[in-house]
Amino acid sequence: MGKETAADGVKAANESSLFQTYARYPIALVKGEGSWLWDAQGNKYLDFMAGLAVTNLGHAPVKVKEKLKAQLDELWHVSNLFHIPGQEEAAELLTANTCADAVFFCNSGAEANEAAIKLARRYHQKVKGTGRYEVITFTQSFHGRTLATLTATGQDKVKEGFLPLPAGFKSVPLHDLPALESAINDNTAAIMIEMVQAEGGVHPVEPEFLQAVTGLCKKHGLLLIVDEVQTGMGRTGKLFAHEHYGIEPDIFTVAKGLGSGFPVGAMLGKAYLREAFTAGSHATTFGGTPIASAVIQATIETMLEDNVPQRAAEAGEYLMTKLNESLGSHPFVKAIRGKGLLIGIECVEPVGELVLKGQSRGLLFVTAGPNVIRLLPNLYVTTQEIDQAVSIVTELIHEHTAVSQA
C-alpha cells in the first residue's frame, strides 16, 4: 500500500470538515466494478463487504446504471403530492413477488423501521381502538440510528449519550421463549425480529423459535415485524429471508440492497394495514422519487431476470463449504454460520487486526461484533473470487495464531 495523502482523499481527523462519527479505514475508494474496488492510489481490492450488504448486484450494475442515467435526463423530483408512475411500478414489482400488499418508500433502513413502528402503533390505536404501543425486540439486534430505532436495537452501545430514550420498547434474549412470553402484556403492539442478526454476530433465528413467535403474535393479537434491511434482496438465498421459514409477516422492511447503492428504503405490509396509514399519517420528502423508483425497478428486475437469489444460495453453499474445509477445525475458530452470502466466522478473540491485515492483502471484509468476521460479497461473486477470499482469510488466521503461539 502506498502512502495516503490529503490529495488522495484521506485526511487526518483534525483536518477534516466532517464530524468524526466514523472510525474510517485509511483508504479512499474511487472506483468499483463487479466484485472489485480501486483506491485513489490504484490499489485493487476484492470486495467482501458490498458496502455493508448494499451492492448486492456488484458495483455499477449495467441495467441499474442505464436506467438511472435515462431517468436523470427526464425528471428528478416533484414530491409525493403528485402521482409518480415509476413509484407505483416499483411497488407493484415488490407486491407481486412477496406476501405484501402495500409499500411505503423512504430513504434508509432506519426510516423503514421507524415507519414500521409507527404503523404498528397506529394500527392498534386508530384501527383496533386499543392503547397498545410497545414493541418487543431481541438482545443483540440492530434496527437503526434514529431515536426510536436505536431504542429498539438490543445493543446498549448505540444508546450511550442519547437519554432519555423513547418509551415503548423491550428487548429479550433471542431464542429465550419464557422471557418473550413474560414480556408480553396488554400494551404490546408488535414483535420485531431479524431473520439473521447480522450486526449482532450473524445469528440466524432458529425455525422452532420463529414458529413460537408467530404463534404468540396470533394468540395475543400482535403484529409481526421482520427487519429485512440487511437480509433482504437476495442476500440469504431468497428474495427475502423470511421466505426460508414459510411465514408471512404483517410488516417487513428493506433498504440496503434495494437500491444497488442509491439511498432507498421501503416498508411493506399486509392489506389490512392500509386503514392505519391514511393520508397525512406518515410522509417523507424524498421517498420514492422518480430517480429512486427507477433504481429500485432496475434492481428488482435484474434480481428476478437473473434469478440472483438462487445464485446467492449456491454461492453461499460453496463459500460455507470452503470455509469449513479450511477453518472448520481450526482452534481459533469457534463457529461458522449464516445464510446465503451473509456469513459469520466467530473467533476466540477480537478480529479487528485481521480486518486491517486483509486490506493490506487486497481483501475487504468487516466484523459483526468484536470476535466475528463477517463476509458479504456481492451475489454474482464467482467461485474463483470465493477461493481467493477464503485463501486470504485462512492465511490471516494461520499467521495470527502462529504469532500468538510464538
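A residue counts as buried under 20% relative accessible area, as exposed over 50%, and as partly exposed in between. By that scale E199, at 24% relative accessibility, is partly exposed, and the residue that E199 meets in a salt bridge, R374, is buried at 2% relative accessibility. The model described here is a predicted one, and the points below treat a four-stranded sheet, the salt bridges, two residues of helices 8 and 9, and the aromatic pairs.

**The sheet and the helix on it**

- Four strands form an open sheet in the order 13-14-17-16, and their pairing is antiparallel.
- Strand 13 (333-339) and strand 16 (366-367) are the edge strands, and because each has a single partner strand, one side of each is left without a neighbour in the sheet.
- Helix 9, which covers residues 308-327, packs on this sheet and touches strand 13, strand 14 and strand 17, while its direction makes about 175 degrees with that of strand 13.
- Within the sheet, strand 14 (residues 342-347) and strand 17 (residues 372-375) run antiparallel and are joined by four bridges.
- I345 has I373 of strand 17 standing opposite.

**Salt bridges**

- The count of salt bridges comes to twelve, and the pairs described in this section are among them.
- E199 and R374 meet through their side chains in a salt bridge with an N to O distance of 3.2 Å; since E199 lies in the loop between strand 8 (196-197) and strand 9 (203-204) and R374 in strand 17, the pair ties together parts that are 175 residues apart in sequence.
- R374 is buried because its relative accessibility of 2% falls under the 20% limit, whereas E199, at 24%, counts as partly exposed.
- R337 and E346 form a salt bridge in which the closest N and O atoms are 2.7 Å apart, and R337 counts as buried at 15% relative accessibility.
- R361 and E399 form a further salt bridge, with 2.3 Å between the closest N and O atoms, and this pair links distant parts of the chain, as R361 is in the loop between helix 10 (352-360) and strand 15 (363-364) and E399 is in helix 11 (residues 383-405), 38 residues apart.
- R361 counts as partly exposed at 36% relative accessibility, and E399 likewise counts as partly exposed at 36%.
- K63, K67, E301 and E305 are linked to one another in a network of salt bridges.

**T302 in helix 8 and R311 in helix 9**

- T302 belongs to helix 8, which covers residues 290-305, and with a relative accessible area of 10% T302 is buried.
- A polar atom of the T302 side chain lies 2.8 Å from the backbone oxygen of A298.
- Once its neighbours within four places in sequence are left aside, T302 is in contact with L57, K63, V308 and Y380; of these, K63 also takes part in the salt-bridge network with K67, E301 and E305.
- R311 belongs to helix 9, and with a relative accessible area of 39% R311 is partly exposed.
- R311 touches D306, L379 and Y380 when residues up to four places away in sequence are not counted, and Y380 is also among the contacts of T302.
- R311 and L379 are 68 residues apart along the chain, and their C-alpha atoms are separated by 6.6 Å.

**Aromatic pairs**

- The structure holds four aromatic pairs, including the two described here.
- Y123 and Y272 form a tilted pair, with 6.4 Å from centre to centre and 50 degrees between the planes, and this pair links distant parts of the chain, Y123 being in helix 4 (residues 109-127) and Y272 in the loop between strand 12 (265-269) and helix 8, 149 residues apart.
- Y123 counts as buried at 12% relative accessibility, while Y272 counts as partly exposed at 40%.
- F138 and F209 form an edge-to-face pair, because their ring centres are 5.8 Å apart and their planes stand at 80 degrees.
- Since F138 lies in strand 5 (residues 134-138) and F209 in helix 7 (residues 207-220), the pair ties together parts that are 71 residues apart in sequence, and both F138 and F209 are buried.

Conventions
Residues numbered from 1 in each chain as written. Predicted model: local features only at pLDDT ≥ 70, side-chain atom pairs only at ≥ 80, totals over all residues. Heavy atoms only, no water. Pairing = 2+ DSSP bridges. Contact = heavy atoms within 4.5 Å. Axes fitted to C-alpha atoms, helices over the stretch in contact; angles between N-to-C directions. Salt bridge = Lys/Arg side-chain N within 4 Å of Asp/Glu carboxyl O. Buried < 20%, exposed > 50% of the residue type's maximum accessible area, 1.4 Å probe, protein only. Polar contact = N/O pair within 3.5 Å; in protein donor to acceptor, adjacent residues only side chain to side chain. Phe/Tyr/Trp six-rings, centres within 6.5 Å; stacked < 30°, edge-to-face > 60°.
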